[in-house]
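A colleague has asked for a note that would help someone meeting this structure for the first time. The points below are meant to be read with the sequence and the 3D view at hand.

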Amino acid sequence: MELIVVIVIMGVLLTMATLSYQTLQLRYDVEQKVKKMYTDLMNTRIRAMQRGRDHFVSLASANAYSVYEDGPAPDGDGSFNTANDTLLSTQSVAPYTLVLSTGTMTLVQFNSKGLVTGTTGWVRINSTADGEYDCIFVDQIKTGMGKINGANCTIK
């Protein structure tokens, strides 16, 4: 009888450990995708300043984002055009989706001085995981990782 009780207790503990591990993995996955996106945004800002050209981050896809560089002359006109601009990278956030603070924030443009022109706000990786980071706030001069608090991204 004691052996059966011990086996049942070990089974319950193992089940709890497995569920806890899966939750931890989910949090880690979301945080890694947020950190990768943050790094790509910061690198795009720096690259725009180094190369003296406008750079764009397209957030138009539901589960991926792309980084573009405004091509050299004759294009180099400071406006986004997928036909003329060079694609630097496309990063997937699947199986999650991107949620934007406003519907007009589908394109983040960094000018040659590294400043964001146009719409600013936040982008969130939608997940049920309660990780430390799940959104990125993009402002004209500042970009930061944070956590959604209701309808706002609170920078940590």
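The numbered points go from the chain as a whole to its core and then to two residues.

1. Before anything else, please keep in mind that this is a predicted model, and that the values quoted in this note are computed from that model.

2. The protein chain holds one helix and ten strands, and, read from the N terminus, the helix comes at the start of the order, with the strands following it. Helix 1 covers residues 2-51, while strand 2, to take one of the strands, covers residues 64-69.

3. On overall dimensions, the C-alpha trace of the protein chain spans about 85 × 30 × 25 Å along its principal axes. The radius of gyration of the protein chain is 21 Å, whereas a compact globule of 156 residues would be expected to have one near 15 Å.

4. How much of the protein chain is buried, and what does its surface consist of? Buried residues account for 35% of the 156 residues, and the chain exposes about 8,900 Å², of which carbon and sulfur atoms supply 57%.

5. As for charge, the protein chain carries 13 positive and 14 negative side chains, and the centres of these two sets lie 4 Å apart.

6. Among contacts in the protein chain with a separation of 6 or more, 52% are between residues that are 24 or more positions apart.

7. In soluble globular proteins, nonpolar side chains tend to be buried together. Here the largest nonpolar core has 23 residues, and those touching the most other members are Met-37, Val-57, Leu-59, Leu-98 and Val-108. At least two residues of this core come from each of helix 1, strand 2, strand 5 (107-110), strand 7 (121-126) and strand 8 (135-138), and helix 1 gives the most, with five residues.

8. Which residues does Met-37 contact, once its neighbours within four places in sequence are left aside? Met-37 is then in contact with Leu-59, Tyr-65, Leu-98, Val-123 and Ile-136, and two of these partners, Leu-59 and Leu-98, are also named with Met-37 among the core residues that touch the most other members.

9. Trp-122 has its place in strand 7 and counts as buried because its relative accessible area is 13%, which is under the 20% cut-off. Leaving aside neighbours within four places in sequence, its contacts include Val-99, Leu-100, Met-105, Ile-136, Phe-137, Ile-148 and Cys-153. By contrast, the C-alpha atoms of Trp-122 and Ile-46, which are 76 residues apart along the chain, are separated by 19 Å.

How values were computed. Residues numbered from 1 in each chain as written. Predicted model: local features only at pLDDT ≥ 70, side-chain atom pairs only at ≥ 80, totals over all residues. Heavy atoms only, no water. Helix = DSSP H or I, 4+ residues; strand = E, 2+ residues; numbered from the N terminus. Rg over C-alpha atoms; globule rule 2.2 N^0.38 Å. Buried < 20%, exposed > 50% of the residue type's maximum accessible area, 1.4 Å probe, protein only. Contact = heavy atoms within 4.5 Å. Areas by Shrake-Rupley, 256 points an atom, 1.4 Å probe, with all protein chains shown as cover. Lys, Arg positive; Asp, Glu negative; His and termini not counted. Charge placed at Lys NZ, Arg CZ, Asp CG, Glu CD. Core = buried A, V, L, I, M, F, W, Y, C linked by side-chain atoms within 4.5 Å.
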